[in-house]
Amino acid sequence: MTIMKILTTKGSNPTIALKQFHRYLNTTNKLSLLNQIELAPPDKILGLTETFNNDVNPSKVNLTVGIYKDNHGKVTTFPSIAKAQKLIDRELGLNKNLSYLPIKGGKDYAENVKHFLYDESCSPTNNLIEGNRNNYGKQLLDNDRISFAQTLSGTGALAISAKFLALFISKKVWIPNFSWANHMNIFNKNGFRDIHYYSYYDVKSGQLTVDAWLKDLKEKVSKDKSPEPHCIILHACCHNPTGLDPTREDWDKIIDTINELKMIPIIDMAYQGLESGDLIKDAYLLRKCINPKYVWDNGLFLCQSFAKNMGLYGERVGSLSIVAPSHSQPRVKEAVDSQLKRIIRSIYSSPPGYGSRVASLVLSDPDLKSQWFKDVTVMVNRLQGIRDQLSSNLDWSTVNDSQQHGMFYFTRFPLPVVQELRDKYSLYLTDDGRLSLSGINDSNIEYICDTFKKIENQSK
């Protein structure tokens, strides 16, 4: 019996008709398992943009998404990227082929990115500053110890890493508390069932907790007698969301500890260049980890992105590198490469071409690369200027210039305050109190600072 027949049958008892209607619904619901799917919560960052877009307050400010904007609130293309795009558009040889890329990406892109990451970024000039005279990255390239894949930005690199590790090596991972909200989501959805959090940041003091971090690892990882190793996510620089990074001395202790515990480092390098304004200088954690004094028996994983430092957000341009240990057999790299291909093929088959062509051209053309380095410096100087203005206008003593870097500032506002800022003042921060500095400009900084002062005075 259909719904219309139930409801329109003449002379039917209303109570009986209603029971028949509910019975019909129950029967229909059981026919499809889709009816049992629960509504997923909105994304903790991108979901807020939808709310912001529906806000009618003319004073609204979106401080959620990590996208660089200029002082006019516009997302502009870096001069180096714009020049590269014009060259690609003008040169048919660069833009005529729209066929599929290989599963692991284009050859030119791979060579240029590996050269940038493991030769230039590990150059002797920087190593001398940090106490050694060798370019260990170039040695890795010369010895063919790096498995490489072009990925859908840093998120894709992390997802491929997680899938690979869960299939062959480990389903245990440590994530900093606090961390990028998507870290847990990525590893959970790709087979990790043993997810731990290590101490990173103390909300009360606004400082890092390196000693507690190391204590967490020593007490818990060392007690695990299973043969399965533990992975650990390390933010290369410009920690998201706190903006606070360990000192170089702290990193020495951290890397020593995770190496002693035979953990697997997964370096998330999404903000190279945004700490100091110097792209090469900011690769210090990679340089530290590839020092031969550290032997990573189960590999070193580098998840890297050009979204932030080239502004190629929507083009999804990144890479995954897996560095095999020096004692591994020659067949190991071949086997790793083959399994990466299989994983990628099952998900998106092959990466997109245009953004990687742009990135590859910038990396291979000396003039474009020089302009790119300048572009990054300009961006960082603006972000640091905003941080300085906040520090001055609000007298926020926790703005630590020696350790705090990147796109974000961690306000330490509790969730009720964040919600009040949203609902009452149309200032949008992420739930953990993180704000994106580039969303602040000359037209809104006074409103933002006045509102923050008002909120702080209310809490006193």
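Helices (H or I, at least four residues) and strands (E, at least two) are DSSP runs, numbered from the N terminus. With these labels, Pro241 can be placed in the loop between S7 and H12. The model on display is predicted, and the tour begins at this loop.

**The loop between S7 and H12**

Select Asn240 together with Pro241. The peptide bond joining Asn240 and Pro241 is cis, with omega at about 20°. From this loop, two elements can be followed: strand S7, which covers residues 231-235, and helix H12, which covers residues 248-260.

**Strand S7 and its partner S8**

Next, select S7 and S8 together. The two strands run parallel and are joined by five bridges. To find the register, label Leu234, which stands opposite Ile267 of S8.

Now display S8 alone, residues 264-269. Is this strand buried on one face or on both? Colour Ile264, Ile266 and Asp268 as one side, and Pro265, Ile267 and Met269 as the other; the residues of both sides are all buried, so that each face is covered. Because six of the six residues in S8 are buried, the strand is largely enclosed by the rest of the structure.

**Helix H12 and the loop that follows**

Move to Ile255, which is found in helix H12. Its relative accessibility is 0%, and Ile255 therefore counts as buried. Draw a distance between the C-alpha atoms of Ile255 and Pro265: the two residues are ten apart along the chain, and the separation is 8.8 Å.

Between H12 and S8 lies a loop that contains Lys262. Select this residue and inspect its backbone: phi is near 55°, a positive value in a residue other than glycine. Lys262 has a relative accessible area of 55% and is therefore exposed, since exposed means over 50%.

**The cavity**

Return to Leu234 and show Tyr198, Tyr200, Trp213, His235, His239, Pro246 and Trp251 with it; these residues line the largest cavity. Its volume is about 30 Å³. How many cavities of 30 Å³ or more does the structure hold? There is one. By class, the lining of the largest cavity divides into six nonpolar residues, two polar and no charged.

**Strand S2 and the residue ahead of it**

Select Asp144 next, in the loop between helix H8 (136-142) and S2. Here, too, the backbone merits inspection: Asp144 is a residue other than glycine with a positive phi, near 55°. At a relative accessible area of 48%, Asp144 is partly exposed, because exposed requires over 50%.

Continue into S2, residues 146-152, where six of the seven residues are buried and the strand is mostly covered. Add strand S10 (residues 317-323) to the view; S2 and S10 run antiparallel and are joined by seven bridges. A convenient marker is Thr151, whose bridge partner in S10 is Gly318.

**Helix H16**

Select residues 354-364, which form helix H16. Which of its residues are buried? They are Gly355, Ser356, Val358, Ala359, Ser360, Leu361, Val362 and Leu363. With eight of eleven residues buried, H16 is mostly covered.

**The largest pocket**

Now display the surface of the largest pocket, whose volume is about 1300 Å³. To locate its centre, select Asp43, Ile45, Trp180, Ala181 and Asn182, the closest to that point among the 46 lining residues. Elements supplying at least two lining residues each include helix H9 (153-168), strand S3 (172-177), helix H10 (181-189) and helix H14 (307-310). Which element gives the largest share? It is H10, with seven residues.

Colour the view by domain: domain 2 (46-77 + 374-459) and domain 3 (79-367) each contribute at least three residues to the lining of this pocket. Coloured by residue class, the lining of the largest pocket shows 23 nonpolar, 14 polar and nine charged residues.

**The last stop: Thr411**

Finally, select Thr411, in the loop between strand S11 (408-410) and helix H18 (415-425). Its relative accessibility is 9%, so Thr411 counts as buried. What lies beside the polar side-chain atom of Thr411? The backbone nitrogen of Phe413 is 3.1 Å from a polar atom of this side chain, and the backbone oxygen of Gly433 is 2.6 Å from a polar atom of the side chain of Thr411.

Notes: Residues are numbered from 1 along each chain as its sequence is written. This is a predicted model: local features need pLDDT of at least 70, side-chain atom pairs count only at pLDDT 80 or more; totals for chains, interfaces and linings use all residues. Side-chain values use heavy atoms; hydrogens and water are left out. On a 1 Å grid over the protein atoms alone, a cavity is a set of points where a 1.4 Å probe fits but cannot get out, and a pocket is an open set with protein on both sides within 12 Å along at least five of seven lines; lining residues have an atom within 4 Å of a point. Grid points are joined across faces, edges and corners, and a volume is the space filled by probe spheres set on the points. Ala, Val, Leu, Ile, Met, Phe, Trp, Tyr, Cys and Pro count as nonpolar, Asp, Glu, Lys and Arg as charged, and the others, Gly among them, as polar. Domain bounds come from an automatic or database domain assignment. Buried means under 20% relative accessible area, exposed over 50%, partly exposed in between (1.4 Å probe, protein chains only). A polar contact is a pair of N or O atoms within 3.5 Å; within protein, one must be able to donate a hydrogen and the other to accept it, and residues adjacent in sequence count only if both atoms are side-chain atoms. Two strands pair if DSSP finds at least two bridges between them.
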